[in-house]
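User: I'm new to this one and would like to learn how to read it. Could you take me through its features step by step?

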Amino acid sequence: MELQLSPSPSSSSTSSMGDTTDVVVTDDETTVPENLKASEKKALLELRTMLEDAIVAGQLLHHPSHRHERSKTRVANSCSVNSSCVKAEEAEEDLSDVSLWGVPLLPSRKHESTDVILLKFLRAREFKAAEALDMIGRTLRWRRDFGVDGMMEGEGGADAAPPQPPPPHLKSAAYIDGRDREGHPVCYNIYGVFKDKDVYRQTFGDEERQEKFLRWRVQLMEQGIKQMSLKPGGAAAMLHIIDFKDSLRPGMRELRSATREIVSITQDNYPEFVAKNIFLNVSFRYYAYHALFSPFITPRTRSKFIFARPAKVTETLLKFMSPETIPVQYGGLRRGEDDDEFSAENERASELVIRGGGIGRIEIPILEPGVTVVWDITVVGWDVNYREEFIPEDEGSYKILIQNEKKPEECIRNSFYISEPGKVVLTVENRTFKKKRVFYRSKSKPTIPLYDLLSQTQHPQL
């Protein structure tokens, strides 16, 4: 199961067809992911060999041209092992423990996640092993120079600084919350926060503040990776949602520059760690802005961009996220991690489709009194009439109107105490010609009526 290298001084040879890697493989091909094409498997095996050589020789962090020059010098002086050769070998860096995102890069260690990382770099470079190796080296050098590992707690040695919390004015500007349908962490970027001139000045007022903003965004990316599964078959990428509502006003040059820098850092040093970039509430002005900085991004990065006008926000997000994980401000049911009524993991929403001109009724039956019913309901695109009522089981009792008919525009949460068996009925009337998707969920919880609590407080002996 070992990867066997050719006995030549270098594992790569040059021919008239360009640089190729001379790899002799025994059974190690069985460790290559089965879902790869033959050419992709070959590229992965080549990268393993090249990476192993570079790490063992201590040259991974050197610039490619320097590696080539050092290789020629080593060959020229290989006639004997003299003191100068020994000193040169001692000057090489010990990279046997080099890793990225906690995953060892040395292929011979056979860590289950090493190929996951290598394939990310290969895909970012169209499965060209030499270019992928160069990208790995560049990423390692950038992380060293930028001090990335030192930003994260427990990394970067004893002198590493703990991760810095986001400045108070940026807590709502970017954060990670929930997961998409495939298990990817979801990172929200709310650019409308910067419409406040004081917040904008605190963030981009000078070069030092702009640098702090970039470092904080890199730290947020690293925190997102810690929430991923880097094992084979895991959700090893993040879904980015960028909301441009109330943003991109004239004069926000620093924000546009920071955005380009973040995109550049991501595509150069976090290959295939972004599942999709979904841009919400996109105006015509942003389309013009996007056309300006498009030349600075790679086609592969650009292919992951999705744009949604204000009327299509919820519809777009539902393609990637369940309604329970979409925040209420985007037409979903999620109210945050501190929601004490429902959780996205335990309270799945049901769906009702109402044809154009039709009426949909959602019934929540309650057989035992003494409980409070709580429900959430949202309609994609809204533009409907809505009302709530309680219909008792006893025909001699009166119906109770909980909510008068209205035309809501955002997710509704309501509750009602049940004192007798019956059902809560939610009625949605679609007066448009388009079908409407309705998502809803409910729960009941035992409740002691307020008057009973007051009675027990005033007459504790009874």
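User: Let's start with the open sheet of four strands: what order do the strands have?

Analyst: To read a sheet, follow the strands from one side to the other. This is a predicted model, and here the order runs S13-S18-S15-S16, with antiparallel pairing. Strand S13 (359-366) and strand S16 (400-406) each have a single partner strand, so they stand at the edges and one side of each is left without a neighbour in the sheet. From one strand to the next, the twist averages 15°.

User: How many bridges join S15 and S18?

Analyst: Eight bridges, with strand S15 (residues 385-392) and strand S18 (residues 422-429) running in the antiparallel sense. For a spot to look at, find Phe 390, which stands opposite Val 424 in S18.

User: Now a helix. What span should H9 have?

Analyst: Count residues and allow 1.5 Å for each, leaving one residue out of the count. Helix H9 (residues 253-269) has 17 residues, so it should span 24 Å, and its end C-alpha atoms are indeed 24 Å apart.

User: Which residues of H9 are buried?

Analyst: Buried means under 20% relative accessible area. In H9 the buried residues include Leu 255, Ala 258, Ile 262, Val 263 and Ile 265, and also Glu 254 and Gln 267.

User: And what about the protein as a whole?

Analyst: It has 13 helices and 19 strands. Of its 462 residues, 45% are buried. The accessible surface comes to about 25300 Å², and carbon and sulfur atoms hold 50% of that. Among contacts with a separation of 6 or more, 73% link residues 24 or more positions apart.

Methods:
Residues numbered from 1 in each chain as written. Predicted model: local features only at pLDDT ≥ 70, side-chain atom pairs only at ≥ 80, totals over all residues. Heavy atoms only, no water. Pairing = 2+ DSSP bridges. Helix = DSSP H or I, 4+ residues; strand = E, 2+ residues; numbered from the N terminus. Axes fitted to C-alpha atoms, helices over the stretch in contact; angles between N-to-C directions. Buried < 20%, exposed > 50% of the residue type's maximum accessible area, 1.4 Å probe, protein only. Contact = heavy atoms within 4.5 Å. Areas by Shrake-Rupley, 256 points an atom, 1.4 Å probe, with all protein chains shown as cover.
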